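Reader: I would like to see each label set against its cut-off. Please show the model and then take my questions.

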Amino acid sequence: MSDSTTHQAAFQDYRHGINDNRVQFLHQLLQVLLVGLTLGMMRTVVPALAESEFGVPKGSFMLLMAFVVAFGFVKGPLNFVAGRLSESVGRKRVLLWGWLSALPIPFMIMYAPSWGWIVAATVLLGVNQGLTWSMTQTSKLDLTRPDQRGLTIGLNEFSGYVGVAIAGIITGYMASALGAREGLLVFGLVVIVLAIVLTWFWVKDTLPWAKAEGARYAAGQSIGPRPRFPGNISDHPTTWEVFTLMSWRDRRMAAISQAGMVEKFVDALIWVFYPLFLYQHGLSLSSIGWVVGVYGFVWGGSQLITGKLSDHVGRQKPIVLGMWICGAGVGMMLLGESVAWWSFSAGVTGFGMALLYPNLSAAVSDIAHPNWRGSAIGIYRFWRDLGYGIGALALGLVANLSGAINSGFWFVTIAMLASGLIVWIWGEETHPRLNPAE
């Protein structure tokens, strides 16, 4: 028996589907919940108390945005590295490295003598998020069938962003009860240590499932409509081949990548300007946590519906509609003056994000071959999370030039509307059942 026949026989042992892999699928959902909790602990307390607790001068918008700029410019490249690395050393090892990198963060916040320490802690947070969130998403896609990708990404992002929302609320209360630094120290250590233990003992590496899927395509044994894989790429491409394909050589992938980058302008805005905007309007830390939490809960919860929906209606329409609804929700924040209105506007923004967010990733997965899917997801996430850094820089500049944070809200609204138009013109339906290869 030849080596290739032996490998193909071995790969038949790897079944794809949520039910067939439900234990590992649930472990990966728990992992991404913990990833979201780690990110969320930096979302409410740190921006709101940047001036009083960490010494950021009033009105220093560029300095205030520095930690989000650092996060984006670290997390983006780490997504790229994680995706490519996971195809050689495996998904589990990269996930574990990501958690180990987060261990110093709670101590750095606790003992930070200046805002520079917060920026440095956020660099490590970018490393953690780039490695861990990429691997939880990629691992779930390895385990599931093509017709479950929308649901899979929806469940992944639901779990992660509900974690972000929960952490924002809990840390707001813990900061009030224990003090800002002490509350974040206790919360962060519990989450990160728990994640390391669970990864070490219970998470399996899913790379063999991806290889099994690739072998079935190579042997002509795949079931269902064939996806519209790009034709201008080799079977086992170099890093540069995949990068250029995702960035400009395939117009569909380029449209998805730019939309991912621009939608992170919204997240940068919500991370820093929402708490500051609400704090300036007299809201307490716990109230800010709830308003920002509405965005996270609606975003996370709605993805249970919007991810599954795209498995039926396709990816293109939800992405475009989501970009426009999300942008409108951002602008709505400035049109009212009550907690109820701000919460409603945050909910509209969250629902728009839920329409676009899982379906951008699902669209990449639809037309990325299993042989280089990890790299493709990593490069899409590179461009997407670079949007944190680019968006934060742009928001800081716009606010500095105008002298008010309100202009940042309008900037993001316009960017989202324009980006959605680009997807509408350049993109196409990627779902293999709705638009199969000829």
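Author: What follows is a set of questions on labels, with the values behind them. This is a predicted model, in which local features need pLDDT of at least 70 and side-chain atom pairs count only at pLDDT 80 or more, while totals for chains, interfaces and linings use all residues. Residues are numbered from 1 along each chain as its sequence is written, and side-chain values use heavy atoms, with hydrogens and water left out.

Reader: What makes up the secondary structure of the protein chain?

Author: The protein chain has 17 helices and 0 strands. Both are DSSP runs numbered from the N terminus: helices are H or I with at least four residues, strands are E with at least two.

Reader: How do you know that the radius of gyration of the protein chain agrees with a compact globule?

Author: The radius is taken over C-alpha atoms, and the globule rule is 2.2 Å times the number of residues to the power 0.38. For 438 residues the rule gives a value near 22 Å, and the protein chain has 21 Å, so the two agree. Along the principal axes, the C-alpha atoms fill a box of roughly 70 × 45 × 35 Å.

Reader: What share of the residues in the protein chain is buried?

Author: Buried residues are 63% of the 438. The label means under 20% relative accessible area; exposed means over 50%, and partly exposed lies in between (1.4 Å probe, protein chains only). The accessible surface of the protein chain is about 15700 Å², with 68% of that belonging to carbon and sulfur atoms. Such areas come from the Shrake-Rupley method with a 1.4 Å probe, and for residues only the protein chains shown count as cover.

Reader: Why is the pair of Asp385 and Lys75 called a salt bridge?

Author: The term requires a side-chain nitrogen of Lys or Arg within 4 Å of a carboxyl oxygen of Asp or Glu. For Asp385 and Lys75 the N to O distance is 3.1 Å, and the pair meets in a salt bridge. Asp385 lies in helix 16 (residues 373-402) and Lys75 in helix 4 (residues 61-89), so the pair ties together parts that are 310 residues apart in sequence. Asp385 has 0% relative accessibility and therefore counts as buried; Lys75, at 1%, counts as buried too. The structure holds 15 salt bridges.

Reader: Which other salt bridge does Asp385 form?

Author: The side chains of Arg384 and Asp385 meet at 3.3 Å, N to O. Arg384 is buried, as is Asp385.

Reader: What makes Arg84 partly exposed rather than buried?

Author: Its relative accessibility is 26%, so Arg84 counts as partly exposed. Arg84 has a salt bridge to Glu87 at 3.6 Å, N to O. The two residues lie in helix 4, 3 residues apart, about one turn of the helix.

Reader: Why is Arg373 called buried?

Author: Arg373 has a relative accessible area of 2%, so the label is buried. Arg373 sits in helix 16 and belongs to a network of salt bridges with Arg149, Glu213, Asp311, Arg315 and Asp366. Contact means heavy atoms within 4.5 Å. Leaving aside neighbours within four places in sequence, the contacts of Arg373 include Glu87, Arg149 and Glu213. The C-alpha atoms of Arg373 and Glu87 are 9.1 Å apart, with their positions 286 residues apart along the chain.

Reader: How do you know that helix 2 has the expected span?

Author: The expected span is 1.5 Å times one less than the number of residues. The 19 residues of helix 2 (residues 22-40) should span 27 Å, and the end C-alpha atoms are 27 Å apart, so the values agree.

Reader: Why is helix 14 called mostly covered?

Author: In helix 14, 12 of the 17 residues are buried. The cover includes helix 12 (251-280), along with helix 13 (285-313), helix 15 and helix 17. One of the buried residues of helix 14 is Met323, which is in contact with Ser419. Ser419 is found in helix 17 (residues 406-426) and, at 1% relative accessibility, counts as buried.

Reader: Which residues form the nonpolar patch on the surface?

Author: Val193, Val197, Trp200, Phe201 and Trp202 form the patch, with about 560 Å² of accessible area together. Patches take residues with over 30% relative accessible area and no salt bridge, joining like charges within 9 Å and nonpolar side chains (Val, Leu, Ile, Met, Phe, Trp, Tyr) within 5 Å. Trp202, in helix 9 (residues 180-202), has a relative accessible area of 46% and is therefore partly exposed.
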